[in-house]
Amino acid sequence: MDIDRVVVFDTTLRDGEQSPGASLGIEEKLQIARQLARLNVDVIEAGFPVSSPAQFEAVRLIAQQVRGPVIAGLARAVKLDIDRCWEAVRYAPRPRIHTFIATSDIHLKYKLRMSRQEVLDRAVEAVKLARGYTEDVEFSAEDAGRTDPGYLCQVVEAVIDAGATTVNIPDTVGYMIPEEFAALIRKLYQSVPNIDQVTLSVHCHNDLGLATANSLAGVKAGARQVECTINGLGERAGNASLEEVVMAINTRQDFMGVSTSVETTEIYRTSQMVSKLTGLEVQANKAIVGANAFAHEAGIHQDGVLKEKSTYEIMTPQSIGLERSRLVLGRHSGRHGFKARLEEMGYRLSDEMLEKTYQRFLLLADKKKEVFDEDLVAIDRLVKLPINLREYSIRAVTSGAEAMGEVTVKIDDDGAIVIGRAASTDIIEASAKAYINVINKLVARRKAAGGAGKSK
Ligand code: KIV
Ligand code: ZN
């Protein structure tokens, strides 16, 4: 079966940078653009050159320095914008001018104060002007989602005749519902006679949380370019998220019947970089790249994943560049997950000791919500002595909310058992103190034997 390729157009540096609170310096934009090239997106929209000298400079430098993807710049359908855009992108081996004008009656009446005919003429003029500079010209009908479909077809046909090579259908205000958006794309394919001469593109905003769904519906209806941003950044509620669109296409290729060229193992790194440089944190439950996207806490889920990952994972963490999924130790964790984590960390406990430790662990988890490896062996990393832990146990010595817990740590030193103990209302503190206590005893023991710190 022939699989069509979908062009991935990344607009993190243009629409994404329009996110409230996300403003990037020129160096940071270059850094992100280089990473987007490693991610192997097809097109990088590097900025809106006419909008400020810094925007211009960033687009120019990216066009000069970043190799691989097509480098696009945005321009309103006016000469000044298109000229400036060309001056900035012309250095790229494959430059693109992306020009746009709104086509919905709301925008025509209140924003542009132009008639439908005037907008159509302006669009055609802009595309022709851009084609005078480069063979790669994209036209966007801003607010296409709320544009009269018949008029949208006329505009699309006219800009294709004028030389546009990509025509983009933005749902600028995130108003569309997936079935409705798919129907619009299908209508364009059915009604615009020259539509086969261009790549039809979709650009969806997330005001109703439907940006990814609408983009996929558009692709399913035949669109072959998707515009998106890393972490779903963008105006207001953001744009379709690149990682969601790409991984949906990848994971559900059976249904979608298309592929992308994105190097998915670079997704996580790119997301982290964009988050760090924009200062916009990724929400923990964000699909694909959120901290919890590959984390399992429920005992039943942990048990399933330990037996066979595909029970609860529809894609591998490695496919997005993560080393592995995470079994979160918390109060919903079961024995299986707890034991697996301890074993990963090098602790093998007898069944009886495991049960006891698990019960103590539940006490800690109730208090702390999430128990980290560091809570189990915090101190191991600081103390450079090889330790052979035999037992770790917690005993409640008083009851009530502020119960005093006593922690006992037993280690094996060449066959001799050394015991450390401590008590506190905070189990972490008691564990740390008990551990330090046993280490002090161990050092004293070894000193007495004439070889402090000797390793086994
Ligand atoms: O959302 C939108 O309509 C846009 C266009 C400029 C493509 O970002
Ligand atoms: Zn947009």
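Among the contacts in this protein that join residues at least 6 apart in sequence, 68% link residues at least 24 apart. The model under discussion is a predicted one, and its secondary structure amounts to 16 helices and 17 strands. Of the 456 residues, 53% count as buried, while the protein exposes about 20,700 Å², of which carbon and sulfur atoms supply 50%.

The overall dimensions can be set beside a simple reference. A compact globule of 456 residues would have a radius of gyration near 23 Å, whereas this protein has 29 Å. The C-alpha trace, taken along its principal axes, spans about 90 × 45 × 40 Å.

Turning to the interior, the largest nonpolar core contains 96 residues, and those with the most contacts inside it are Ile44, Phe139, Val156, Val167, Ile169 and Leu188. Helix α6, which covers residues 149-162, gives the most to this core, with nine residues. Because domain 1 (4-278) and domain 2 (294-371) both give residues to this core, it lies between them. Apart from this core lies another one, of 26 residues, with Met353, Ala365, Val407 and Ile411 among them. In soluble globular proteins, nonpolar side chains tend to be buried together.

Ile44 gives a view of the surroundings of one such core residue. When its neighbours within four places in sequence are left aside, Ile44 is in contact with Asp10, Leu13, Ala33, Leu36, Ala37, Val66, Pro69, Val70, Ile71 and Ala72. Strand β4 consists of residues 70-76 and pairs with β5 in the parallel sense over six bridges, and in this pairing Ala72 stands opposite Arg96 in β5.

From β5 the path through the parallel strands can be followed further. Eight of the eight residues of strand β5 (residues 95-102) are buried, so this strand is largely enclosed by the rest of the structure. The cover extends to both faces, since Pro95, Ile97, Thr99 and Ile101 on one side and Arg96, His98, Phe100 and Ala102 on the other are all buried. β5 also pairs with β6 in the parallel sense, again over six bridges, and the bridge partner of Ile97 in β6 is Val137.

Strand β6 (residues 137-142) can be described in similar terms: six of its six residues are buried, so β6 is largely enclosed by the rest of the structure. On one side of β6 lie Val137, Phe139 and Ala141, and on the other Glu138, Ser140 and Glu142, all of them buried. Phe139 is also one of the residues with the most contacts inside the largest nonpolar core. β6 pairs in turn with strand β7 (residues 166-171), in the parallel sense and over three bridges, with Thr166 in β7 as the bridge partner of Glu138.

Outside these strands, Ile106 belongs to helix α4, which runs over residues 105-112. Ile106 is partly exposed, with a relative accessible area of 42%. Not counting residues up to four places away in sequence, Ile106 touches Lys111 and Arg146; the C-alpha atoms of Ile106 and Thr147, which are 41 residues apart along the chain, are separated by 8.5 Å.

An antiparallel pairing is found further along the chain, where strand β16 (residues 405-413) and strand β17 (residues 416-424) pair over nine bridges. These two strands form a hairpin with two residues between them, and Asp414 in the turn has a positive phi of about 50 degrees. Asp413 stands opposite Ala416 in β17.

Terms used:
Residues are numbered from 1 along each chain as its sequence is written. Chains are lettered from A and ligands numbered from 1 in the order in which they are written. This is a predicted model: local features need pLDDT of at least 70, side-chain atom pairs count only at pLDDT 80 or more; totals for chains, interfaces and linings use all residues. Side-chain values use heavy atoms; hydrogens and water are left out. A nonpolar core is a set of buried Ala, Val, Leu, Ile, Met, Phe, Trp, Tyr and Cys residues joined through side-chain atoms within 4.5 Å. Buried means under 20% relative accessible area, exposed over 50%, partly exposed in between (1.4 Å probe, protein chains only). Helices (H or I, at least four residues) and strands (E, at least two) are DSSP runs, numbered from the N terminus. Domain bounds come from an automatic or database domain assignment. Contact means heavy atoms within 4.5 Å. The radius of gyration is taken over C-alpha atoms; the globule rule is 2.2 Å times the number of residues to the power 0.38. Accessible areas come from the Shrake-Rupley method with a 1.4 Å probe; for residues, only the protein chains shown count as cover. Two strands pair if DSSP finds at least two bridges between them.
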